[in-house]
Every structure is written in structure tokens, then in C-alpha cells.
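Here is an informal walk through the fold, meant to be read with the model open beside it. Where should you look, and how far should you trust what you see?

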Amino acid sequence: MRMAVVLIAVTVACGLAVGEPVFVADFEGAEDGGPVGWSFERRRGDCSGEWDRAEPPPGGSSIRCDVTENAAARATWTCTRRIALKPDTAYRLSFRVMLGDVSEGSKGAYVILYENGEPSPDFWHMSRFMRGTQDRHEREISFITRPDASWGRLQCRLWECTGHAWFDDIAIEQIDRDEVRVQGAGAPLVLPEDEADQGRRLRQEDMLSCDELPAVFSR
Ligand SMILES: [Ca+2]
């Protein structure tokens with residue numbers, strides 16, 4: 001009996017081990033005419049979102065944000081499920097993205113995760129704003145959760161620019177703390193005026209932690 005308990009404990013521990021995804025989304029399954037567990041929202045202006053069953057070919061599916069004219073629009077795909085997170089724990093969020101004529105707006109295409117669903121800089125982790133045209137490629141961010149974190153809300157966005165952005169193969173996995181990489185730490189950054197915390201100056205590591213960015217996005 002004791003051995004059985006030990007084996008169960010080891011099995012549970014292995015199930016949550018470093019490198020084991022705690023969340024995946026491949027957008028291949030249907031639910032009510034859309035991708036399972038995701039919903040689209042026009043946060044502002046004229047924009048649209050599609051469950052694109054032709055990208056990537058052959059036979060794959062992804063989600064797409066479209067903004068054709070209104071550069072103030074905010075196209076938003078939201079994961080409807082709460083993603084369980086552990087406090088004070090290191091994670092990697094990876095995803096594949098394709099960009100089509102994303103303009104030099106005030107924002108761009110990006111992925112953002114809110115710890116405990118709180119829309120504030122102290123709780124979010126986001127990729128850089130992605131712009132331009134680029135074929136499907138992989139990006140990632142890594143971060144350590146807050147001491148009070150228990151879940152995350154995930155969104156894929158095309159905000160305040162025109163163009164098209166496809167998102168696919170999203171995964172969140174626990175990693176070792178020494179794998180968390182920060183890029184360009186130290187430079188102060190001013191948020192756009194209408195962001196949640198107006199005028200607040202952030203240090204760059206609070207907001208920009210995407211690794212291996214193409215040169216076109218590194219300015
Ligand atoms: Ca897919």
C-alpha cells in the first residue's frame with residue numbers, strides 16, 4: 001500500500017515536471033463553428049477574426065486577426081479557459097505566427113498572458129509587437145509568475161494597426177528558472193497613453209522578453 005502511494009506521488013510529480021506543457025492550443029478542433037476553447041472579440045473598431053482552416057497547408061488550422069482599414073481597431077482572440085499556473089514558477093510560452101502587411105501602427109500583432117486575469121503591467125507577460133510581413137515562424141517568451149499567481153488568461157491580438165496575423169501551436173511549459181531569458185533589460189519604456197496604467201514608466205524587462213527576434217522587429 002505504501003509503495004502504491006509512493007508510485008502515485010511520483011507519477012503526479014512527473015506529470016507536472018519541467019518541460020511538460022501545462023497548456024497547448026493547435027486550433028484543429030471545432031466547437032460551435034469555431035476553434036475549441038477560443039472566442040473572438042472586437043475590442044474596438046472595424047476588425048474581424050477567423051478560424052482559418054487553410055493555414056497552415058496542407059490541412060492545418062489556425063486563428064487569424066484581420067484589420068483592413070481602421071488602424072485604431074483591436075482584434076482579439078481570447079482563450080476561454082483559465083490556464084492553471086503555479087506561483088513563483090518559471091514558464092515558457094511559445095507560439096507560431098505568420099504576419100501579412102502589418103502596418104507600423106502604435107501596436108501590432110502580439111500574444112499576452114494575464115496572471116489571475118488582472119489587466120495590469122504587474123500581472124502581464126507579452127511578446128513584442130510584431131509588424132511587417134513574415135512567413136510562419138516560432139517565437140517565445142519566458143517569465144516567472146508572481147507569488148500569488150494561480151491561473152492565466154491568454155489572448156492573441158492585432159491591435160492598433162492594419163494587416164493580418166495568424167497564430168498557431170501555442171504551448172506553455174514549466175522550465176528551470178535559469179532558462180528564463182530577458183532581452184534588453186534596463187531601458188525605460190513608456191506605455192501608450194490608453195494602456196491600463198497611463199503614463200507609467202516600465203523597465204524594459206517588464207514588458208519585452210521575447211527571444212530571437214528578427215532584425216526587422218529589433219529596433
Ligand atoms: Ca494548427
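## A proline-rich loop, and what surrounds it

Pro-56 lies in the loop between E5 and E6, where E stands for a strand; helices (H or I, at least four residues) and strands (E, at least two) are DSSP runs, numbered from the N terminus. Pro-58 sits in the loop between E5 and E6 as well. Two cis peptide bonds turn up here: the one from Glu-55 to Pro-56, with omega near 0°, and the one from Pro-57 to Pro-58, with omega near -5°.

Some housekeeping before going further. Residue numbers start from 1 along each chain, following the sequence as written. This is a predicted model, in which local features need pLDDT of at least 70 and side-chain atom pairs count only at pLDDT 80 or more, while totals for chains, interfaces and linings use all residues.

On either side of that loop, strand E5 (residues 48-52) and E6 run antiparallel, joined by five bridges; for two strands to count as paired, DSSP has to find at least two bridges between them. Asp-52 has Ser-62 in E6 as its bridge partner. E6 itself is mostly covered, with five of its six residues buried. Buried here calls for 20 or more other C-beta atoms within 10 Å of the residue's own, exposed for 12 or fewer, and partly exposed is in between, with C-beta atoms placed from the backbone.

## E14 and its partners

Which strands pair with E14? E1, E6 and E9 are among them. Strand E1 (residues 21-25) pairs with E14 in the antiparallel sense over four bridges, E6 does so over five, and E9 and E14 run antiparallel with nine bridges between them. Some of the bridge partners are set out below.

| Residue | Opposite residue in E14 |
|---|---|
| Ala-25 | Ile-170 |
| Arg-64 | Trp-166 |
| Asp-66 | His-164 |
| Leu-93 | Ile-172 |

E14 also has a backbone oddity. Asp-169, found in strand E14, has a positive phi near 50° despite being a residue other than glycine. With 18 C-beta neighbours inside 10 Å, Asp-169 counts as partly exposed.

## The core

The largest nonpolar core has 36 residues, and those with the most contacts inside it are Cys-65, Val-97, Ala-109, Leu-158, Ala-165 and Phe-167. A core in this sense is a set of buried Ala, Val, Leu, Ile, Met, Phe, Trp, Tyr and Cys residues joined through C-beta atoms within 7 Å. Seven strands are listed as each supplying at least two residues, including E6 (62-67), E9 (90-102), E10 (108-115) and E14 (163-174). E9 gives the most, with seven residues.

What does Ala-165 touch, leaving out residues up to four places away in sequence? Its contacts are Arg-64, Cys-65, Val-97, Leu-99, Val-102, Ala-109 and Leu-158. A contact means that two residues have their C-beta atoms, placed from the backbone, within 7 Å.

## Loops worth a look

Past E14, Arg-177 lies in the loop leading to strand E15 (188-190). Is Arg-177 buried or exposed? Arg-177 counts as exposed because it has 11 C-beta neighbours inside 10 Å. Setting aside residues up to four places away in sequence, Arg-177 touches Ala-90 and Ile-144. Arg-177 and Tyr-91 are 86 residues apart in sequence and 8.2 Å apart in space, C-alpha to C-alpha.

Asn-116 belongs to the loop between E10 and strand E11 (124-126). Asn-116 is not a glycine, yet has a positive phi of about 55°. With 16 C-beta neighbours inside 10 Å, Asn-116 counts as partly exposed.

## The whole chain, and how far to trust it

Stepping back, the protein has two helices and 16 strands. Of its 219 residues, 29% count as buried. Among contacts with a separation of 6 or more, 76% come from residues 24 or more positions apart.

As for confidence, the mean pLDDT (the predictor's confidence in each residue, from 0 to 100) is 82, and 74% of the residues reach 70 or more. Over residues 3-15 the pLDDT is below 50, and this stretch has one contact in the model beyond near neighbours in sequence. Residues 184-219 also stay under 50, and the model has 51 contacts for them beyond four places in sequence.
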